[in-house]
Amino acid sequence: MSTMPQLDLTATCDCGAITLTARGQAISMFQCACLNCQKVSGSGHSSVVLLPADGVRTIGATKTISRPADSGATFTRHFCPECGTTLHAQSSRAPAFKILPVGLFAGQNDWFAPNQLIFARSHEEWDLVADHLPRHEAYRPEKPA
């Protein structure tokens with residue numbers, strides 16, 4: 001198993017009103033083809049990194065939208081109220097972590113190496129995702145305790 005990268009990054013939303021810092025070791029890096037990620041990204045999937053929540057800070061007021069997720073959890077997305085850029089998201093299923101869009105770090109995201117595609121059931125064939133990635137129809141199955 002490969003070691004997850006240690007991040008120390010700063011990014012801004014598209015209009016520059018919000019600054020986000022991300023510090024800490026990545027917990028997971030993956031791609032998601034759920035219908036919501038397709039809507040938010042404007043593509044066939046989103047590319048995200050999961051970090052400990054205490055390693056993510058924003059400067060500037062964000063707006064949020066919460067919705068029920070397929071898991072039964074509440075999924076909350078934080079975005080810039082001026083330009084709409086998604087800054088991070090969080091699931092009530094995993095409150096200790098924040099989900100960050102890798103594209104937010106454009107020009108400084110060469111560390112990203114996804115290890116799976118989730119919600120492959122709604123992945124579109126025209127959206128080219130690396131063939132070697134394991135694909136899960138919904139969430140990746142939890143490992144038995």
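**Exercise 1. Find the side chain that shares a polar contact with T76, and describe the setting of T76.**

Step 1: Start with the side chains. T76 and S66 are joined by a polar contact of 2.8 Å (a pair of N or O atoms within 3.5 Å, one able to donate a hydrogen and the other to accept it; residues adjacent in sequence count only if both atoms are side-chain atoms). Keep in mind that this is a predicted model, where local features need pLDDT of at least 70, side-chain atom pairs count only at pLDDT 80 or more, and totals for chains, interfaces and linings use all residues. Residues are numbered from 1 along each chain as its sequence is written, and side-chain values use heavy atoms, leaving out hydrogens and water.

Step 2: Place the residue. Strand 7, residues 74–79, contains T76 (strands are DSSP runs of E, at least two residues, numbered from the N terminus).

Step 3: Check burial. T76 counts as buried because its relative accessibility is 17% (buried means under 20% relative accessible area, with a 1.4 Å probe and protein chains only).

**Exercise 2. Classify the aromatic pair in the structure.**

Step 1: There is one such pair to look for (ring centres within 6.5 Å, using the six-membered ring of Trp).

Step 2: W111 and F112 form this pair, with 6.1 Å centre to centre and 85 degrees between the planes.

Step 3: The arrangement is therefore edge-to-face, a label for planes over 60 degrees apart.

Step 4: Now look at burial: W111 and F112 are both buried. Nicely done!

Definitions and conventions:
Rings of Phe, Tyr and Trp (its six-membered ring) pair if their centres lie within 6.5 Å; planes under 30 degrees apart count as stacked, over 60 as edge-to-face and the rest as tilted. Buried means under 20% relative accessible area, exposed over 50%, partly exposed in between (1.4 Å probe, protein chains only). Helices (H or I, at least four residues) and strands (E, at least two) are DSSP runs, numbered from the N terminus.
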